[in-house]
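Colleague: I should like to learn how charged pairs and surface patches are read from a model. Could we work through one case together?

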Amino acid sequence: DLSFITFFSNGTRTFWYILMSFICYLIFPHVFRIVDTAQDTVTEKMRILLLCVTSTVVVIALQLYYKELYSNVAIALTRFPAFFVGVLLGKATYEKRETPVKNIFIWTVLSILLIVPLGIINKKIIGTYTIAFFNLCFCFLLIVFLNLLSCSKNRVLNFIYTTCRAILEWFGKY
C-alpha cells in the first residue's frame, strides 16, 4: 500500500491521501504560477475554471473508457478541482480580498437548488463537486456568522465567538 501500486491496480484506499498530498505539493508551484500571472481576478477565475474543466474531462474519459481504473482512483481524481479552487482562494485570502456576504448567500442557495430539486447529488462526478461546493459555501456562512458574533456585546455570544475562534486557531496551526 505504501508504494501506491495497489491504489491503481486494486483500488486499495488506505493511504490514497498521502499520494494525493504529494502530487498536490508537486503541482502547487505550477498551479500558483498560472493564477499569479493573471492580469486580473476575472482571468484568475477563468484559468482555475479551465483547470477544473480539464481535470473533469480527464475523470469523465477515465469513467467512460477505463472503468476499472476510474473506480480505483476516482476518490483522488475528483479532488483536483477543490485543490485548484483552494489555490485561488488561498491567493485571494493572502491578498486580503473580501467576498461580499450577498455572494455567499447566493452561492449557498444555488448549491442547495442544485443538490435538492435538480437531483444533481445523485450524479457521480457532478454530485461530488456539488456537495463540495455546498460545503465550501457552508464554511463561508460559518465565517460570516463568526464575524457577526465578534461584533456582539452579549456575553454569551461573545463567549461562543471566543471559544470557536480558539478552537479554529488551534486547528489552524496544524
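**Reading charged pairs and a nonpolar patch**

Modeller: Let us start with a single residue: Arg165 has a relative accessible area of 42% and is therefore partly exposed. Please keep in mind that this is a predicted model.

Colleague: Which side chain does Arg165 meet in a salt bridge?

Modeller: The general idea is a distance test: a side-chain nitrogen of Lys or Arg must lie within 4 Å of a carboxyl oxygen of Asp or Glu. Here the partner of Arg165 is Glu169, with 2.8 Å from N to O. Both residues belong to helix H8 (residues 155-173), where they are 4 residues apart, about one turn of the helix. Glu169 is partly exposed as well, its relative accessible area being 45%.

Colleague: How many salt bridges does the structure hold?

Modeller: The structure holds 6 salt bridges. One of them joins Asp36 and Lys91, whose closest N and O atoms are 3.8 Å apart. Asp36 lies in helix H2 (residues 16-36) and Lys91 in helix H5 (residues 80-94), so this pair ties together parts that are 55 residues apart in sequence.

Colleague: Is Lys91 buried or exposed?

Modeller: The class follows from relative accessible area: buried means under 20%, exposed means over 50%, and partly exposed lies in between. Lys91 counts as buried because its relative accessibility is 7%. Its partner Asp36, at 41%, counts as partly exposed.

Colleague: Which residues are linked with Asp36 and Lys91 in a network of salt bridges?

Modeller: The network also includes Glu44, Glu95 and Arg97. Within this group, the side chains of Glu95 and Arg97 meet in a salt bridge of 2.6 Å, N to O. Glu95 counts as partly exposed at 38% relative accessibility, and Arg97 counts as partly exposed at 28%.

Colleague: Let us turn to the surface. Which residues make the nonpolar surface patch?

Modeller: For a patch, one looks for residues with over 30% relative accessible area and no salt bridge, nonpolar side chains being joined within 5 Å. In this model, Phe8, Ile60, Leu64, Tyr65, Tyr66 and Leu69 make a nonpolar patch of about 640 Å².

Colleague: Which helix gives the most to the nonpolar patch?

Modeller: Helix H3 (residues 41-65) gives the most, with 3 residues.

Colleague: Where is the place of Tyr66?

Modeller: Tyr66 sits in the loop between H3 and helix H4 (67-77). With a relative accessible area of 54%, Tyr66 is exposed.

Methods
Residues are numbered from 1 along each chain as its sequence is written. This is a predicted model: local features need pLDDT of at least 70, side-chain atom pairs count only at pLDDT 80 or more; totals for chains, interfaces and linings use all residues. Side-chain values use heavy atoms; hydrogens and water are left out. Helices (H or I, at least four residues) and strands (E, at least two) are DSSP runs, numbered from the N terminus. Buried means under 20% relative accessible area, exposed over 50%, partly exposed in between (1.4 Å probe, protein chains only). Patches are made of residues with over 30% relative accessible area and no salt bridge: like charges are joined within 9 Å, nonpolar side chains (Val, Leu, Ile, Met, Phe, Trp, Tyr) within 5 Å. Accessible areas come from the Shrake-Rupley method with a 1.4 Å probe; for residues, only the protein chains shown count as cover.
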